[in-house]
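The following exercises are to be worked with the sequence and the model side by side. Each task is followed by a solution in steps.

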Amino acid sequence: MYQAIKAVSKSGVIELLEAVEFEENEPLVVLRLSKKLPAPEMSSPAKDWRTFAGQLKSSLTFAGDPVQIQQDVRNEWD
């Protein structure tokens, strides 16, 4: 059973904020929430999806008969 127990760190020592009884040698997991992760940096501003329209028309992967391409892809699963 999992139980959330609030605690704080004072001088590097974990102090529980409520009284809790533990069994001898009881396995515990400590999840540290105090450090905030830096926000990921965006390398470029968000693009409008319309900028991607037509980008694959010169792709060799999709060159040829569309029906044959679909059949070839489906046949890979057989």
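**Exercise 1: A charged pair**

Arg-50 has a relative accessible area of 54% and is therefore exposed (over 50%; buried is under 20% and partly exposed lies in between, with a 1.4 Å probe and protein chains only). The model is predicted, so local features need pLDDT of at least 70 and side-chain atom pairs pLDDT 80 or more, while totals for chains, interfaces and linings use all residues. Residues are numbered from 1 along each chain as written, and side-chain values use heavy atoms, without hydrogens and water.

Task: Determine how many salt bridges the structure holds, and state which residue meets Arg-50 in a salt bridge.

Solution.
1. The count is one salt bridge in the structure (a side-chain nitrogen of Lys or Arg within 4 Å of a carboxyl oxygen of Asp or Glu).
2. The partner of Arg-50 is Asp-48, and the side chains meet at 3.0 Å, taken from N to O.
3. The setting of Asp-48 can now be added: its relative accessibility of 35% makes it partly exposed.
4. The pair thus joins an exposed arginine, Arg-50, to a partly exposed aspartate, Asp-48.

**Exercise 2: The hairpin**

Task: State in which sense β1 and β2 pair, and identify which residues of β2 stand opposite Ala-7 and Val-8.

Solution.
1. β1 spans 7-10 and β2 spans 13-16 (strands are DSSP runs of E, at least two residues; helices are runs of H or I, at least four; both are numbered from the N terminus).
2. The two strands pair in the antiparallel sense, over four bridges (pairing needs at least two DSSP bridges).
3. Opposite Ala-7 stands Leu-16 of β2.
4. For Val-8, the residue that stands opposite is Glu-15, again in β2.
5. Two residues lie between the strands of this hairpin.

**Exercise 3: Positive phi in loops**

Task: For Ser-11 and Asn-25, give the loop in which each is found and say whether each is buried or exposed.

Solution.
1. Most residues other than glycine have a negative phi.
2. Ser-11 has a positive phi near 55 degrees and is not a glycine; the residue belongs to the loop between β1 and β2.
3. With a relative accessibility of 79%, Ser-11 is exposed.
4. Asn-25, likewise not a glycine, has a positive phi of about 60 degrees.
5. The loop that holds Asn-25 runs between β2 and α1, and α1 covers 66-75.
6. Asn-25 counts as exposed, at 71% relative accessibility.

**Exercise 4: Domains and a distant pair**

Task: Establish which residues domain 1 and domain 2 cover, what distance separates their centres, and how far apart in space Glu-18 and Thr-61 are.

Solution.
1. Domain 1 covers 1-33 and domain 2 covers 47-77 (bounds from an automatic or database domain assignment).
2. The centres of domain 1 and domain 2, taken over C-alpha atoms, are separated by 54 Å.
3. Glu-18 is placed in the loop between β2 and α1.
4. Glu-18 is partly exposed, since its relative accessible area is 38%.
5. Between Glu-18 and Thr-61 the sequence separation is 43 residues, and the C-alpha atoms are 62 Å apart in space.
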